[in-house]
There are 2 protein chains.
Amino acid sequence: MHLRIEFSYNFAIMNNNDLEQLLQDHGIKATANRLIILKALMNSSRPITMQDLTDEIESIDKSNVFRTLSTFREHGLVHVIEACDEGVMYELYRSDSNGPHNDIHPHFHCVVCHKVFCLKGVTVPKLNYPEGFDILEGSFLVNGICPECKA
Amino acid sequence: MHLRIEFSYNFAIMNNNDLEQLLQDHGIKATANRLIILKALMNSSRPITMQDLTDEIESIDKSNVFRTLSTFREHGLVHVIEACDEGVMYELYRSDSNGPHNDIHPHFHCVVCHKVFCLKGVTVPKLNYPEGFDILEGSFLVNGICPECKA
DNA sequence: ATCATTCTGCAACCGGATTGCAAACTCAAG
DNA sequence: CTTGAGTTTGCAATCCGGTTGCAGAATGAT
């Protein structure tokens, strides 16, 4: 397990070379498949499931998607969100939002369309935990109805 | 799905009659098996998995445990916690702590012993959600190391 | 006692996560 | 280039927790 290192990338303007660099910066060898999966993660504004990924990328076997996501996770490139009914979802760490060093990752789960949104603007204040509990990281998930489904 | 009704029970001193009453208060017919499962839930100071329950109660088939937990859930007697690696966990609603009308249920997941604790004393302040997101309920899970495992 | 309803155990099923393995690929050294 | 060790990949099989179908048992009102 690698320690996460803080980089500052502008994901919007990344080309293939930048993506290879991103992988290498995290100690991951860049392969064609990994670049495809990385791109898919990057293009998604929301956390997505392994299912979503394997559906979207027909050319890569699900076992490889699984192992790639595990690798990305081990190397601190993505993190997982446990989203109730939707199962585990994967999301790229983005330099401008959350990382392992931010305690809190607020997410919104729409009970209608089942999408999960990253609530980037919302910060969760420090809580006063009981004595003796060492906090590593927190995750915060709210269920509700998203603007699209409400309309 | 029943609306949850607020009762005030003293779980510590409940006998069999009280337990039957508790079930009936929630619109659930009291059967021998359901009382056993209810007791097990009540005796657990922490949320537990279906696996835990079926292991603990050898006399009841897992399908019945499953259906009983579903029934309890539908009738607002227990709620579920999605605890990352541990899968879903079940916990009795206790009159003195959380219920569907409390937005937030903070829980602590120990990454060493894999237990999940209910952080009763900790309240999560209201957050300022973005426009358009209708909040139904939130869940808050922190990962870390519990006092026992730290020692 | 009778009968409709509900509950229960068993066995089977399901689907997502995970793994074993052999082939394909990578890349540095000869 | 060729070789060979190490890594990655696809396929198929497996695992496992959750879930369901069904027939027999228990329940409770009449």
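Strands are taken here as DSSP runs of at least two residues, numbered from the N terminus, and in this predicted model B:N143 has its place in strand β5 of chain B, which covers residues 134-145. With a relative accessibility of 9%, B:N143 counts as buried, because the cut-off for burial is under 20%. The side chain of B:N143 is engaged in a polar contact with the side chain of B:H109, at a distance of 2.6 Å. A contrasting case is B:N17, which lies in helix α1 of chain B, residues 16-25; B:N17 has a relative accessible area of 57% and is therefore exposed, the threshold for that class being over 50%. The C-alpha atom of B:N17 is separated by 9.9 Å from that of B:A30, a residue 13 positions away along the chain.

The relation between the two protein chains was examined by superposition. Chain A is brought onto chain B, with an RMSD of 0.3 Å, by a rotation of 178 degrees accompanied by a shift of 0.1 Å along the axis. The two copies are thus related as by a two-fold rotation axis. The contact residues follow this relation, in that 97% of those of chain A recur in chain B and the same surface serves both copies. Among the residues of chain A, A:F140 is the one that comes closest to the rotation axis, its C-alpha atom lying 2.3 Å away.

Helix α2 was considered in each copy in turn. In chain A, α2(A) comprises 12 residues and reaches 17 Å from its first C-alpha to its last, a value close to the 16 Å expected at 1.5 Å a residue. The buried residues of α2(A) are A:L35, A:I37, A:L38, A:A40, A:L41 and A:M42, and they pack against helices α1 (16-25), α3 and α4 and against strands β1 (78-82) and β2 (88-92) of chain A. In chain B, the end C-alpha atoms of α2(B) are 17 Å apart, which agrees with the 16 Å that its 12 residues should span at 1.5 Å a residue. Burial in α2(B) involves B:L35, B:I37, B:L38, B:A40, B:L41 and B:M42, and the elements that cover these residues include α1, α3, α4, β1 (78-82) and β2 (88-92) of chain B.

The surroundings of the two DNA strands were then described, beginning with strand C. DNA strand C is surrounded by 16 residues, of which A:F66, B:T31, B:R34, B:N64 and B:R67 are the closest. Of the atoms of DNA strand C that come within 4 Å of the protein, 64% belong to sugar and phosphate. Individual polar approaches involve the backbone of the strand as well as a base: a polar side-chain atom of B:T31 lies 2.7 Å from a phosphate oxygen of DNA strand C, a polar side-chain atom of B:N33 lies 3.3 Å from a sugar or linking oxygen, and an N or O atom in the side chain of A:K62 is 3.5 Å from a base nitrogen. Two or more residues of the surface near DNA strand C are given by each of α3 (50-56) and α4 (62-74) of chain A and α2 (32-43) and α4 (62-74) of chain B, with α4(A) giving the most, namely four residues. Classified by residue type, the surface near DNA strand C has three nonpolar, seven polar and six charged residues.

For DNA strand D, the surrounding residues number 16, and the closest are A:T31, A:R34, A:N64, A:R67 and B:F66. Sugar and phosphate make up 59% of the atoms of DNA strand D that come within 4 Å of the protein. Base oxygens of DNA strand D are approached from both chains, since a polar side-chain atom of A:R67 lies 2.6 Å from one base oxygen, while an N or O atom in the side chain of B:R67 is 3.1 Å from a base oxygen. A backbone N or O atom of A:D61, in turn, lies 3.4 Å from a phosphate oxygen of DNA strand D. The elements giving two or more residues to the surface near DNA strand D are α2 (32-43) and α4 of chain A, together with α3 (50-56) and α4 of chain B. The largest share of that surface comes from α4(B), which provides four residues, and the residues near DNA strand D divide into three nonpolar, seven polar and six charged.

Notes. Residues are numbered from 1 along each chain as its sequence is written. Chains are lettered from A and ligands numbered from 1 in the order in which they are written. This is a predicted model: local features need pLDDT of at least 70, side-chain atom pairs count only at pLDDT 80 or more; totals for chains, interfaces and linings use all residues. Side-chain values use heavy atoms; hydrogens and water are left out. A residue is near a molecule or strand if one of its heavy atoms lies within 4 Å of it. A polar contact is a pair of N or O atoms within 3.5 Å; within protein, one must be able to donate a hydrogen and the other to accept it, and residues adjacent in sequence count only if both atoms are side-chain atoms. Ala, Val, Leu, Ile, Met, Phe, Trp, Tyr, Cys and Pro count as nonpolar, Asp, Glu, Lys and Arg as charged, and the others, Gly among them, as polar. Buried means under 20% relative accessible area, exposed over 50%, partly exposed in between (1.4 Å probe, protein chains only). Copies are superposed by least squares on the C-alpha atoms of residues with pLDDT of at least 70 in both. Contact means heavy atoms within 4.5 Å. The expected span of a helix is 1.5 Å times one less than its number of residues.
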